[in-house]
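Colleague: Please choose one part of this model and take me through it closely, from its framework to the contacts between side chains. I would like the cut-off given with each term as you use it.

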Amino acid sequence: MATWNSRGLRGSTLEEMINLTNDKYRDEGLALVQKIPTPITPIEIDQKTRHITLAYFDQKSTVDYIGAVQGIPICFDAKECHVDTFPLQNVHEHQVLFMKHFEEQGGISFIIIYFTHLDRFYYLPFRALYAFWKRMEEGGRKSFRREELDEGYYFERSGMLMVPYLKPLQTDLDERDD
């Protein structure tokens with residue numbers, strides 16, 4: 001059973017930015033995307049602050065977000081990266097399998113990576129993630145470097161949108177049509 005502690009809060013800044021973006025997309029009628037909570041069983045609770053300090057995950061989670069954009073089902077995970085190399089251990093096998101099955105059902109799966117040291121966002125299409133994953137499974141690198149990524153999937157904040165992922169999603173859809 002996996003254990004949760006304060007390390008589990010890593011990435012919460014990115015998730016908050018995505019949540020604000022999703023609220024804006026919902027308000028504008030562009031998308032309905034929700035954060036999927038990870039079920040936990042509390043083990044220790046700080047009596048003063050009433051905060052959970054130790055817990056077990058009840059089950060393996062799937063991805064961080066799931067929803068629909070203009071009738072297109074999407075699911076994605078959000079990851080922060082503080083260097084130019086992204087370790088694939090940050091993505092779990094059950095998440096890759098879920099995203100693979102989601103795509104097989106006609107949905108779009110991806111990962112949003114926030115390169116914190118550059119203050120840049122990257123939309124990693126599932127097909128690219130899967131290629132890196134297969135390379136790892138075949139004995140290759142257990143990570144990928146930023147320079148291996150397609151420059152066309154980087155995106156920046158835009159106005160009120162903290163993590164405007166709809167534009168790279170459209171790029172992904174266009175490439176699938178080609």
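Modeller: Buried means here a relative accessible area under 20%, exposed means over 50%, and partly exposed is what lies in between, calculated with a 1.4 Å probe on protein chains only. This is a predicted model, in which local features need pLDDT of at least 70 and side-chain atom pairs count only at pLDDT 80 or more, while totals for chains, interfaces and linings use all residues. Residues are numbered from 1 along each chain as its sequence is written, and side-chain values use heavy atoms, with hydrogens and water left out.

The part I have chosen is the open sheet, together with what packs on it. Its six strands have the order β2-β5-β6-β8-β9-β11, with mixed pairing; strands (E, at least two residues) and helices (H or I, at least four residues) are DSSP runs numbered from the N terminus, and two strands pair if DSSP finds at least two bridges between them. At the edges stand β2 and β11, each of which pairs on one side only.

Beside the edge strand β2 there is a loop, between β2 (31-35) and β3 (40-45), that holds Thr38. With a relative accessible area of 31%, Thr38 counts as partly exposed. Thr38 and Asp64 are separated by 26 residues in sequence, while their C-alpha atoms are 8.4 Å apart in space.

Moving inward, strand β5 (residues 65-69) pairs with β6 in the antiparallel sense over five bridges, and Gly67 stands opposite Ile74 of β6. These two strands form a hairpin with two residues between them, and in the turn Gln70 has a positive phi of about 50°. Strand β6 (residues 72-81) has seven of its ten residues buried, so the rest of the structure largely encloses it. On the β8 side the pairing of β6 is parallel and runs over eight bridges, with Ile112 in β8 as the bridge partner of Ala78. Strand β8 in turn pairs with β9 in the antiparallel sense over six bridges, and Tyr122 in β9 is the bridge partner of Ile113.

Helices lie across these strands. Helix α1 (residues 12-27) lies across β2, β5, β6, β8 and β9 and runs at about 150° to β6, whereas α4 lies across β5, β6, β8, β9 and β11, at about 135° to β8. For these angles, axes are lines fitted to C-alpha atoms, for helices over the stretch in contact, and the angles run from 0 to 180 degrees between N-to-C directions; contact means heavy atoms within 4.5 Å.

Helix α3 also packs against part of this framework. Its buried residues are Phe126, Leu129, Phe132 and Trp133. They cover an arc of only 125° around the axis, which puts them on the same side of α3, the arc being that of the directions from the helix axis to the C-beta atoms. An α-helix has 3.6 residues a turn, so residues three or four places apart point the same way. These buried residues pack against α2 (93-104), β8, β9 and β10. The twelve residues of α3 should span 16 Å at 1.5 Å a residue, and its end C-alpha atoms are 16 Å apart, which agrees; the expected span is 1.5 Å times one less than the number of residues. Just after α3, Gly139 takes a positive phi of about 95°.

Salt bridges link the surrounding loops and helices. The term stands for a side-chain nitrogen of Lys or Arg within 4 Å of a carboxyl oxygen of Asp or Glu, and by this rule the count comes to 17. In one of them the side chains of Glu148 and Arg135 meet at 2.6 Å, N to O. Glu148 lies in the loop between β10 (143-145) and β11 and Arg135 in helix α3 (residues 126-137), so this pair ties together parts that are 13 residues apart in sequence. Glu148 is partly exposed at 27% relative accessible area, as is Arg135 at 25%.

Another salt bridge joins Asp119 and Arg157, whose closest N and O atoms are 2.9 Å apart. That pair links distant parts of the chain, 38 residues apart, with Asp119 in the loop between β8 (108-115) and β9 (120-125) and Arg157 in the loop between β11 (154-155) and α4 (166-177). Asp119 is partly exposed at 35% relative accessibility, and Arg157 is partly exposed with a relative accessible area of 35%. Finally, a network of salt bridges links Glu103, Arg127, Asp172, Glu175 and Arg176.
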